[in-house]
Amino acid sequence: MEDFLAKWASGDLSDSDKKTFESDKENKLYQDILDGVEKLDVPPYDSDALYAKLKTRIENQDLTKPTKIIPIIPKWFYAVAASVILILSLTVFFNNEISYTSDYGEKLSFTLPDDSEVILNANSHLTYDDKKWESKRELYLEGEAFFKVTKGSKFTVLTKNGSVSVLGTQFNVNTNQNLSIFQVDCFEGVVKVEQGAISKIIKKGEAVRIVKKKIDEWKFDELHPLWISKESAFHNSPINQVIKALENQYDIKIESSKVNDSLRFTGVFTHSDLDKALKIVFESLDINYRLTNNNSVILDIK
């Protein structure tokens with residue numbers, strides 16, 4: 001505001017700024033002040049005399065007395081700054097959550113503190129508490145991830161739909177809170193799958209899927225999840241699980257409200273060709289579909 005008034009008083013305002021200021025209710029007050037200043041009669045002064053007076057005052061100053069220093073920064077500023085630093089320090093100290101999130105069509109690899117490896121599938125999220133890792137090895141997962149657990153290392157994968165306890169093994173977890181689907185595939189060793197009162201032990205080459213408290217079990221021959229090789233594989237999977245996988249890999253929206261939930265799909269779709277993937281899934285289920293310009297898929301149920 002000071003800079004604005006200085007420009008106004010010196011006549012340096014632009015035409016638009018001047019019009020704006022002239023319409024302001026404070027304009028008349030400032031104009032009266034400026035007019036009064038211009039009418040002031042400033043008496044002449046002798047610069048040499050003023051300099052001599054200032055020099056005499058400095059020479060006669062008692063240097064033995066302490067000079068009074070007026071702090072530029074008020075004391076309350078330091079108190080506020082200290083409080084801010086303390087709050088930030090406590091936030092960093094207590095918030096030890098490590099978080100990983102993959103985007104649509106993206107795979108994300110990382111290593112846990114015990115050197116176990118994790119690969120997140122598309123549109124998935126995993127967190128754990130780094131500070132409590134040694135005493136409480138728990139991971140929180142939403143989406144799908146493949147784990148290669150270090151030999152002798154033990155931890156638990158927690159999800160909204162169930163948990164998996166492991167000891168030096170390799171396994172895949174696929175979970176979605178909205179779909180209430182919880183699937184675990186064991187590729188090495190043994191894992192314990194739990195959901196409420198349901199508890200299953202599965203070994204290498206075995207898979208279990210829990211949907212609305214109903215259990216599906218089957219065996220497979222793959223050495224690792226096919227999605228790591230840019231393909232998604234399904235065994236008698238609910239259609240909503242397949243649709244969610246298509247959305248995650250291709251960043252599309254599939255209007256599936258009219259789809260029969262009882263439909264099941266067995267097969268594989270690629271991550272590199274959307275048209276081919278849609279054709280493989282929906283034509284095999286005798287579902288008409290059309291891809292719109294805004295990357296949405298409309299399903300026409302017969």
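The largest pocket in this predicted model holds about 640 Å³ of space. Its lining takes in 36 residues, and those nearest the centre are Glu 144, Asn 174, Gln 183, Trp 227 and Ala 233. Several elements give two or more residues to that lining: the strands β5 (138–148), β8 (170–176), β9 (181–188), β13 (214–219) and β14 (231–238), plus the helix α6 (239–250). Sorted by class, the lining of the largest pocket comes out as 17 polar, twelve nonpolar and seven charged residues.

Next up is the second largest pocket, with a volume of about 300 Å³. Here 13 residues make up the lining, and Leu 179, Val 211, Lys 212, Pro 238 and Asp 261 sit nearest the centre. The class split for this second lining is five charged, four polar and four nonpolar residues.

Arg 209 is worth a look of its own. This arginine belongs to strand β12, which runs over residues 206–211. Its relative accessibility is 0%, so Arg 209 counts as buried, the cut-off for that label being under 20%. What does the side chain of Arg 209 reach at 2.8 Å? The partner is the backbone oxygen of Asn 236. The side chain of Arg 209 also makes a polar contact with the side chain of Ser 237, at 3.3 Å. Put together, the buried Arg 209 has its side chain paired with the backbone of Asn 236 and with the side chain of Ser 237.

How values were computed: Residues are numbered from 1 along each chain as its sequence is written. This is a predicted model: local features need pLDDT of at least 70, side-chain atom pairs count only at pLDDT 80 or more; totals for chains, interfaces and linings use all residues. Side-chain values use heavy atoms; hydrogens and water are left out. On a 1 Å grid over the protein atoms alone, a cavity is a set of points where a 1.4 Å probe fits but cannot get out, and a pocket is an open set with protein on both sides within 12 Å along at least five of seven lines; lining residues have an atom within 4 Å of a point. Grid points are joined across faces, edges and corners, and a volume is the space filled by probe spheres set on the points. Helices (H or I, at least four residues) and strands (E, at least two) are DSSP runs, numbered from the N terminus. Ala, Val, Leu, Ile, Met, Phe, Trp, Tyr, Cys and Pro count as nonpolar, Asp, Glu, Lys and Arg as charged, and the others, Gly among them, as polar. Buried means under 20% relative accessible area, exposed over 50%, partly exposed in between (1.4 Å probe, protein chains only). A polar contact is a pair of N or O atoms within 3.5 Å; within protein, one must be able to donate a hydrogen and the other to accept it, and residues adjacent in sequence count only if both atoms are side-chain atoms.
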